[in-house]
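Here are a few exercises to work through with the model open in your viewer. Try each task before you read its solution.

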Amino acid sequence: MKVQIWSDVMCPFCYIGKRRFEQALQQFDGKADIEVEWKSFQLNPTLKTDPSLSVTQYLADIKGWTIDHARQMNDHVTQMAAEAGLTYHMEKAVVANSFDAHRFAHLAKQHGKGDEAEEALFNAYFTQGKNIADHAVLTELGEEIGLDKTLVEQTLSTDEYTADVNTDIAQAQRYGISGVPFFVMDNKYGVSGAQAEAVFLQTLEKAHGEWASENQPTKLNVIEGDSCGIDGDC
């Protein structure tokens, strides 16, 4: 059963939602049946990468908040992250456009490393304070998760996977998704936001129960006759 997750690298609730979903999945009896697919979303497509600008100032500017209020909000999500087992250093985060990071994630997905790429990107942004728009940083992350350095460099030097990112964003619009994280389970159930583990677990159980009932092995009415079996008996 497929679970699709729309997210943006610069969204603090997306990393928290990822970890809470993973924790719910570990408690789920049918986890072996679950296939997770990450989807691209951009909260601010026109954002210009600016390493000199603090995330606190960026939030204050785009939200019309005071610096103190923006700092309080960062402290709040940092505490939420800690409760999920994550370490945020918002004071080190680099304001960066995430489009190339999404292209990198699509490259990784093509090589079976989509989840590893998302984890590496989130950690780089929220914990290590790295510039996720910098191709050198993305190449380094690629090597860390087992991608070929030259392949990552060549991919980022072109517009490869641009269409894939835009397709994900367009699909999100068709679903009516206006915020992330957003989880779609078996194309039937949507979960918006970094919900509690119990919410993820309950929705997984409901979606999986229906999926399992619709995907039962076909049972044949067999007319028996002379035959040879797999043990060699005829």
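**Exercise 1: strand 1 and its partners**

Strand 1 and strand 2 (residues 35-40) are paired in the parallel sense, over six bridges. Bear in mind that this is a predicted model.

Task: find out how the chain gets from strand 1 to strand 2, and the handedness of that crossover.

Solution. Start at strand 1 and follow the chain: the path goes through helix 1 (residues 12-27) before reaching strand 2. Now check the hand: this β-α-β crossover is right-handed. For a landmark in the pairing, look at Ser7, which stands opposite Ser40 in strand 2.

Next, turn to strand 3. Strand 1 and strand 3 run antiparallel and are joined by four bridges. Here Trp6 is the residue to pick, standing opposite Phe182 in strand 3.

Last step: is strand 1 largely enclosed or not? Five of the six residues of strand 1 (residues 2-7) are buried, so the strand is largely enclosed by the rest of the structure.

**Exercise 2: the surroundings of Val152**

Task: decide whether Val152 is buried or exposed, and list its contacts beyond four places in sequence.

Solution. First place the residue: Val152 sits in helix 7 (residues 149-156). Then take its relative accessibility, which is 0%; the cut-off for buried is under 20%, so Val152 counts as buried.

Now for the contacts. With neighbours within four places in sequence left aside, Val152 touches Phe104, Leu107, Leu138, Thr139, Gly142 and Leu147. Take Phe104 from that list: 48 residues separate Phe104 from Val152 in sequence, yet their C-alpha atoms are 7.4 Å apart.

**Exercise 3: backbone oddities**

Task: look at Tyr161, Asn187 and the Val180 to Pro181 peptide bond, and say what stands out in each backbone.

Solution. Begin with the background: most residues other than glycine have a negative phi, and most peptide bonds are trans.

Step one is Tyr161, in the loop between helix 7 and helix 8. Its phi is near 75 degrees, a positive value in a non-glycine residue. At 12% relative accessibility, Tyr161 counts as buried.

Step two is Asn187, in the loop between strand 3 and strand 4 (189-192). Asn187 isn't a glycine either, but its phi is positive, at about 55 degrees. With 55% relative accessibility, Asn187 counts as exposed.

Step three is the peptide bond from Val180 to Pro181: with omega near 10 degrees, the bond is cis. To locate Pro181, go to the loop between helix 8 (162-175) and strand 3 (182-185).

Technical notes:
Residues are numbered from 1 along each chain as its sequence is written. This is a predicted model: local features need pLDDT of at least 70, side-chain atom pairs count only at pLDDT 80 or more; totals for chains, interfaces and linings use all residues. Side-chain values use heavy atoms; hydrogens and water are left out. Helices (H or I, at least four residues) and strands (E, at least two) are DSSP runs, numbered from the N terminus. Buried means under 20% relative accessible area, exposed over 50%, partly exposed in between (1.4 Å probe, protein chains only). Contact means heavy atoms within 4.5 Å. Two strands pair if DSSP finds at least two bridges between them. A crossover is right-handed if, with the strands pointing away from the viewer, the path from the first strand over the helix to the second runs clockwise.
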